[in-house]
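Hi there,

Here is the structure I promised to pass on. Have a look at it first, and my notes follow below.

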Amino acid sequence: MLRSGAARLRTLGARRGDAGNAGLAQRWFSSEKLIPKDRSLPNPSWSKELRLLFEQFMKKCEDGSWTHMPSYMYKNTLSTQDFKTLIHDGKLPSKQMSQAQLFTRSFEEGLGFEYVMFYNNAENRTVCFFQGGPYLQGAPGFLHGGAISTMIDATLGTSAMIAMGIVMTANLNITFKRPIPLGSAVVINSQVDKIEGRKVFVSCNVRSADEKTLHSEATSLFIKLEPGKSLT
């Protein structure tokens, strides 16, 4: 299953352990244009819990064990031609691509997806701190299942990209345990479990900010894209 939009086309051309790839990994969250506003930084809509989690991990970044991933609104650094090379049977209309925005950054501040990610190469882990706004409501007062699925896919995909490079979602399995209240902060902990050839197996859990409540668990399979090779 190819996931456009919610899944995002994966563009971290990085392999674990290569210092130069840390910069490549971060460029997925940047833009070809000069966009001054990093959407992964605190804004007035962030709850006290989300700010605290952010501050705690920014301190962990000081010794180099964790890396903060900036995130912008507009398109990633791979060009349309790059994807035509990787997806030989795909079509990417230039008009639509010129208007493309990152799905999770297409809402105004505080209304949709508010999140920040950090990764740890040594532990093969990516952590996402996420707060869902009022436009992501499902059942009254709770986050829509599709919204948390989007963030699960994004976080798992980041782990897979750091491990293998440019990947796309092939399979995503989610078990929902407890609903997430709108506006609450949750922690998505993901890790790479296994790599087999072009396949990357990743898993995660979603917990409350204090990690006492388990909201969801998920496993996923990502496929590394290579020129001239099938996606299946």
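What pattern does the protein follow when read along the sequence? The pattern is α-α-β-α-α-β-β-α-β-β-β-β, and the secondary structure comes to five helices and seven strands. Please keep in mind that this is a predicted model.

Let me start with the sheet. Seven strands make up an open sheet with antiparallel pairing, and their order is 1-2-3-5-6-7-4. Strand 1 (67-69) and strand 4 (167-176) each have a single partner strand and stand at the edges, so one side of each has no neighbour in the sheet. From one strand to the next, the twist averages 20°.

One pairing to look at is that of strand 3 (residues 125-132) with strand 5 (residues 185-196), which is antiparallel and runs over seven bridges. There, Arg125 has Gln191 in strand 5 as its bridge partner.

Now to the helices that lie across these strands. Helix 2 (residues 48-60) crosses strand 1, strand 2 (113-120), strand 3 and strand 5, at about 160° to strand 3. Helix 5 (residues 145-164) lies across strands including strand 6 (199-208) and strand 7 (214-224), and runs at about 135° to strand 4.

Some totals may be handy for your setup. The protein has 232 residues, of which 47% count as buried. About 11100 Å² is exposed, with carbon and sulfur atoms supplying 52% of that area. Among contacts with a separation of 6 or more, 70% come from residues 24 or more positions apart.

Best wishes

Note on methods:
Residues numbered from 1 in each chain as written. Predicted model: local features only at pLDDT ≥ 70, side-chain atom pairs only at ≥ 80, totals over all residues. Heavy atoms only, no water. Pairing = 2+ DSSP bridges. Helix = DSSP H or I, 4+ residues; strand = E, 2+ residues; numbered from the N terminus. Axes fitted to C-alpha atoms, helices over the stretch in contact; angles between N-to-C directions. Contact = heavy atoms within 4.5 Å. Buried < 20%, exposed > 50% of the residue type's maximum accessible area, 1.4 Å probe, protein only. Areas by Shrake-Rupley, 256 points an atom, 1.4 Å probe, with all protein chains shown as cover.
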